[in-house]
Amino acid sequence: MGRHGWNSGARRWRLTALLGVGVAALALVLTVISTLPDSKGSTAGTTPDGDKVHGSQADPPRQAGPEVGWGFTHTEHSADEGSSAAVERAEKLLGGRPMPQNQAIMGWGADNPEPVKGRYDFTAMDRRIDFITKSGGTPVITLCCAPDWMKGGKSGVDNTNWSQPNLEKAPYPQHFQDFANLAATVAKRYPYVHHFIVWNEFKGFWNDGQARWDYEGYTQMYNLVYQALKKVDEKNMVGGPYLVMDSHNPRQTDGTTDAVKGPWGRLDQRIADAFTYWNKNKAGADFVVVDGSSYTNDDEMLPDEFKATDKLTAVGKWVEQQTGDLPLWWAEYYVEPADSEDHRRGWSEPHRVAVQAAGLIAMAKGGATSGFYWNPETESGSSCAGCMWRPTDGSSGGGALPMYDLVSRFNEEFGPGTTFRSVDVAADDVPNVRVIADDKAVLVINTLSRAISAEVDGKRFEMQGYEVKWLRR
């Protein structure tokens, strides 16, 4: 099978009512058949024992509580495949500074886990989980997306429709329990994984008739998944709703909320409504998950790309007001707008790393304890904008790139349990730097493209344009 990457569509199937007593039995049969997977679908390469424990690890390195720290998400291409020397180099690299690593169950490098109801294929997923555990990471699983037969498509190994519109469909309500059962199967297969995110960005949960999110449907599915995972192991940590915290230009008041606003923009009211409903009606949660960009829906970075990251702080503080003491995770965060092909290649790497560092600071100041960098690894090539390591197709791949240094060091210095401390910054440097510190380390970012001389935490030093510097205290 190929490697799979992955907008909103939510169709509801209907059955034509059959009239007359003479055809009542036939109607019942047709109704039952229509909700079952295509019995002709191929089961080649699948097994019925998807819940059989994979691997021999009794309990690989992991965070036991709901706060896992700062790490990354595996996307379509990652270091689980390629040159053996490069894969080994990447494993060793990540093992040097272990981080949480997130993987979806379908898409983003994972194949259809249940192409036919009750028949499983976890080959690709097993490989990703093996890579995470071998590299010392805390494994996190995102429970998305759903097999075709759960959303009106055909069952069968060769019938998976990998188009983006299809992949982003949500399970039909009559299959919410089937998806919860799949989640339980995943949890049983990897009993050493204890952190689960339910679904991704409300994909497929859009109410066309009311032009709003179908938060009732998502919450119904979330609750079934939550209960299924807790039944497998009460220690399993489960969170949602993984909403994209969309924002608009600060001058736009129609469809926005006064609750979360700033020079960077105003939060979309439909997002606030969806979050509020889930929070009120959820069966439970061990942590809360959000997603979003520092820029507006129109790709405006206001007042500039560094100050725009203040949105991440504002969102975090608002979420904390809603949920109380639930740990906050950012499943994805973006500070650089994408091009028409969803690539982010317009900035130099120092510029990119500096703004990403500002984003990490903003999330932490907003109360987040965990976050996942969306790692845009390429399958091959000599350049890889924003990647954490060199592509592993060749024997020289797998080495560290600047984004790895940033994310891994941030997790190492400011992981779960960190108590942040104040930092003295010279008055004339305040507009030009961003800082964060605990008792042992200070992270300083030069937000200017030119060199400066800065005085931070009682120390004066030179900084190159967009330089990210670590100080010891």
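Q: Why is Tyr242 called buried or exposed in this predicted model?
A: In this predicted model, Tyr242 has a relative accessibility of 1%. Buried means under 20%, so Tyr242 counts as buried. Tyr242 is placed in strand β7 (residues 237-244), and its phi is positive, about 55 degrees, although Tyr242 is not a glycine. Tyr242 is also among the residues that line the largest cavity.

Q: What makes up the lining of the largest cavity?
A: The lining residues are Thr73, His74, Asn102, Gln103, Ala104, Trp108, Thr142, Asn200, Tyr242 and Trp374. They divide into four nonpolar, six polar and no charged residues. Strand β2 (residues 100-104) gives the most to this lining, with three residues. The space in the largest cavity comes to about 50 Å³.

Q: Which other residue has a positive phi although it is not a glycine, and where is it found?
A: Glu201 has a positive phi of about 55 degrees and is not a glycine. Glu201 is found in the loop between β4 (195-198) and β5 (206-207).

Q: What makes the contact between Lys235 and Asp233 a salt bridge?
A: The N to O distance between the two side chains is 3.4 Å. The cut-off for a salt bridge is 4 Å between a side-chain nitrogen of Lys or Arg and a carboxyl oxygen of Asp or Glu, so this pair qualifies. Asp233 has a relative accessibility of 18% and therefore counts as buried.

Q: How are Glu455 and Arg460 classed, by contact and by accessibility?
A: Their side chains meet in a salt bridge, at 3.2 Å from N to O. Glu455 has a relative accessible area of 33%, and Arg460 stands at 46%. Partly exposed covers the range between under 20% and over 50%, so Glu455 is partly exposed and Arg460 is partly exposed.

Q: Why is the pair of Arg473 and Asp457 said to tie together parts of the chain?
A: The closest N and O atoms of Arg473 and Asp457 are 2.8 Å apart, and the pair forms a salt bridge. Arg473 lies in the segment after β18 (468-472), while Asp457 lies in the loop between β16 (452-456) and β17 (459-463), so the salt bridge ties together parts that are 16 residues apart in sequence. Arg473, with a relative accessible area of 39%, is partly exposed, whereas Asp457, at 18%, is buried.

Q: How many salt bridges are counted, and which residues are linked in a network?
A: The count comes to 25 salt bridges. Asp80, Glu81, Arg127 and Arg128 are linked in a network of salt bridges.

Q: How do you know that the length of helix α10 agrees with the expected span?
A: Helix α10 (residues 402-413) has twelve residues, which at 1.5 Å a residue should span 16 Å. The C-alpha atoms at its ends are 17 Å apart, so the two values agree.

Q: What makes α10 mostly covered?
A: Nine of the twelve residues of α10 are buried. Among them are Met403, Tyr404, Leu406, Val407 and Phe410. Arg409 and Glu413 also belong to the buried residues of α10.

Q: How are the side chains of β14 arranged?
A: Val433, Val435 and Ala437 point one way from β14, and Arg434 and Ile436 point the other way. In a regular strand the side chains alternate between the two faces of the sheet. Five of the five residues of β14 are buried.

Q: What joins β14 to β15?
A: Five bridges join β14 to strand β15 (residues 441-446), and the two strands run antiparallel. Ala437 stands opposite Val442 in β15. A hairpin through three residues joins β14 to β15.

Q: What is the volume of the second largest pocket, and which elements contribute to its lining?
A: The volume of the second largest pocket is about 270 Å³. Of its 16 lining residues, Val430, Pro431, Val433, Arg434 and Thr447 are the closest to its centre. The elements giving two or more residues to the lining are α8 (310-323), α9 (349-365) and β14 (433-437). The largest share, four residues, comes from α9. The lining divides into nine nonpolar, two polar and five charged residues.

Q: Which peptide bonds are cis?
A: One cis peptide bond joins Cys144 and Cys145, with omega about 10 degrees. Cys145 lies in the loop between β3 (138-143) and α4 (164-167). The peptide bond from Leu302 to Pro303 is also cis, with omega near -10 degrees. Pro303 is found in the loop between β11 (287-293) and α8.

Definitions and conventions
Residues are numbered from 1 along each chain as its sequence is written. This is a predicted model: local features need pLDDT of at least 70, side-chain atom pairs count only at pLDDT 80 or more; totals for chains, interfaces and linings use all residues. Side-chain values use heavy atoms; hydrogens and water are left out. On a 1 Å grid over the protein atoms alone, a cavity is a set of points where a 1.4 Å probe fits but cannot get out, and a pocket is an open set with protein on both sides within 12 Å along at least five of seven lines; lining residues have an atom within 4 Å of a point. Grid points are joined across faces, edges and corners, and a volume is the space filled by probe spheres set on the points. Ala, Val, Leu, Ile, Met, Phe, Trp, Tyr, Cys and Pro count as nonpolar, Asp, Glu, Lys and Arg as charged, and the others, Gly among them, as polar. Buried means under 20% relative accessible area, exposed over 50%, partly exposed in between (1.4 Å probe, protein chains only). The expected span of a helix is 1.5 Å times one less than its number of residues. Two strands pair if DSSP finds at least two bridges between them.
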